[in-house]
Amino acid sequence: MSTENALKNRSNSSCELCTSSSDLSVFEVPPTSDGSAQQCIYVCQTCLEQIEGNKELDMNHWRCLNDSMWNQEPAVQVMSYRMLHKLSSESWAQDALDMIYLEDNVKTWAEQGIAAERSNGPTRDSNGAELQDGDNVTLIKDLKVKGANFTAKQGTMVRGITLTDNPEHIEGKVNGTRIVLVAAYLKKA
């Protein structure tokens, strides 16, 4: 059976991310794929264009990830995780990322694709130390947080940071609010 036919059967001829039934195609989940159904997903044109970066992300379209992240297929879980990671500035996406559970090998696969997208170089703190996902950092100056009506004080510890696609920024929780921080104002703990 061809990969496309296997995916049609697996997905009931609908997009495995948003459940649309029109304009479907096979997407090989990077960074490595052997073209098998286990390493591909069946997606609509809308999802495909946004995954590949050909169109700007439509935040409301991706609310479908709240359902697809629970799919039993590892390839669908991987793409759900990656898209939630891209949308992590949205509170609903961050909440979903906090809830999602992936087996270790599936999470490794998902994070390989995220790392491959970060081709702009490493994220570095104010001292030039390379930052990684999960690191703890300290603010080296007071930062006024736009839209949140508080100031993040110098010396505040930000635990378990998340790197972004921009090597100059990280994400972390300060005062219970998930915010984007400039890496140049941080020191690795």
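The expected span of a helix is 1.5 Å times one less than its number of residues, a definition that the second view below relies on. The model shown in these figures is predicted.

**Figure 1. Overview of the protein chain, with its six helices and 12 strands.** The C-alpha atoms of the chain fill a box of roughly 60 × 30 × 30 Å when this is taken along the principal axes. Of the 189 residues in the protein chain, 42% are buried, and the chain exposes about 10100 Å², of which carbon and sulfur atoms supply 43%. Among the contacts that join residues at least 6 apart in sequence, 56% are between residues at least 24 apart.

**Figure 2. Close-up of helix 4, which runs over residues 74-86.** Helix 4 has 13 residues and reaches 18 Å from its first C-alpha to its last, which is close to the 18 Å expected at 1.5 Å a residue. Because 11 of the 13 residues of this helix are buried, helix 4 is largely enclosed by the rest of the structure. The buried residues include Ala-75, Val-76 and Gln-77 towards the lower residue numbers, and Met-83, Leu-84 and His-85 towards the higher ones. Ser-80, Tyr-81 and Arg-82, which come between these two groups in the numbering, are buried as well.

**Figure 3. Close-up of the largest nonpolar core, a set of 38 residues.** The residues with the most contacts inside this core are Leu-17, Ile-41, Cys-47, Trp-62 and Leu-84. Two or more residues of the core are given by each of strand 1 (24-28), strand 2 (40-44), helix 2 (45-51), helix 4, helix 5 (91-99) and helix 6 (104-117), and the largest share, seven residues, comes from helix 4. Leu-84 can be followed as one example: leaving aside its neighbours within four places in sequence, this residue is in contact with Leu-65, Met-69, Trp-92, Ala-93, Ala-96, Leu-97 and Ile-100. A second, separate core has 16 residues, among them Leu-131, Val-137, Ala-183 and Leu-186.

**Figure 4. Close-up of the salt bridge between Lys-188 and Asp-135.** The side chains of the two residues meet at 3.5 Å, taken from N to O. Lys-188 lies in strand 12 (residues 186-188) and Asp-135 in the loop between strand 4 (130-131) and strand 5, so the pair ties together parts that are 53 residues apart in sequence. Lys-188 counts as partly exposed at 33% relative accessibility, whereas Asp-135, at 15%, counts as buried.

**Figure 5. Close-up of Lys-173 in strand 10, together with Arg-178 and Glu-171.** Lys-173 lies in strand 10, which covers residues 169-174, and is partly exposed, with a relative accessible area of 43%. Leaving aside its neighbours within four places in sequence, Lys-173 is in contact with Asp-98, Val-158 and Arg-178. The C-alpha atoms of Lys-173 and Val-158 are separated by 6.3 Å, although the two residues are 15 residues apart along the chain. Arg-178 in turn forms a salt bridge with Glu-171, in which the closest N and O atoms are 3.5 Å apart. Arg-178 is partly exposed, with a relative accessible area of 23%, while Glu-171 is buried, with a relative accessible area of 6%.

**Figure 6. Close-up of further salt bridges, from a count of five.** Glu-49 forms a salt bridge with Lys-55, the closest N and O atoms of the pair being 3.3 Å apart. Elsewhere, Arg-10, Glu-16 and Glu-73 are linked with one another in a network of salt bridges.

**Figure 7. Close-up of two loops, one holding Ile-140 and the other Gly-155.** Ile-140 is found in the loop between strand 5 (137-139) and strand 6 (143-145), where this residue is partly exposed, with a relative accessible area of 34%. Together with Val-182 and Tyr-185, Ile-140 makes a nonpolar surface patch of about 200 Å². Gly-155 is placed in the loop between strand 7 (150-152) and strand 8 (157-158), and is partly exposed, with a relative accessible area of 47%. Leaving aside its neighbours within four places in sequence, Gly-155 is in contact with Thr-138 and Leu-139. The C-alpha atoms of Gly-155 and Asp-142, which are 13 residues apart along the chain, are separated by 8.4 Å.

Note on methods: Residues numbered from 1 in each chain as written. Predicted model: local features only at pLDDT ≥ 70, side-chain atom pairs only at ≥ 80, totals over all residues. Heavy atoms only, no water. Helix = DSSP H or I, 4+ residues; strand = E, 2+ residues; numbered from the N terminus. Buried < 20%, exposed > 50% of the residue type's maximum accessible area, 1.4 Å probe, protein only. Core = buried A, V, L, I, M, F, W, Y, C linked by side-chain atoms within 4.5 Å. Contact = heavy atoms within 4.5 Å. Patch = residues over 30% accessible without salt bridge, like charges linked within 9 Å, V, L, I, M, F, W, Y side chains within 5 Å. Areas by Shrake-Rupley, 256 points an atom, 1.4 Å probe, with all protein chains shown as cover. Salt bridge = Lys/Arg side-chain N within 4 Å of Asp/Glu carboxyl O.
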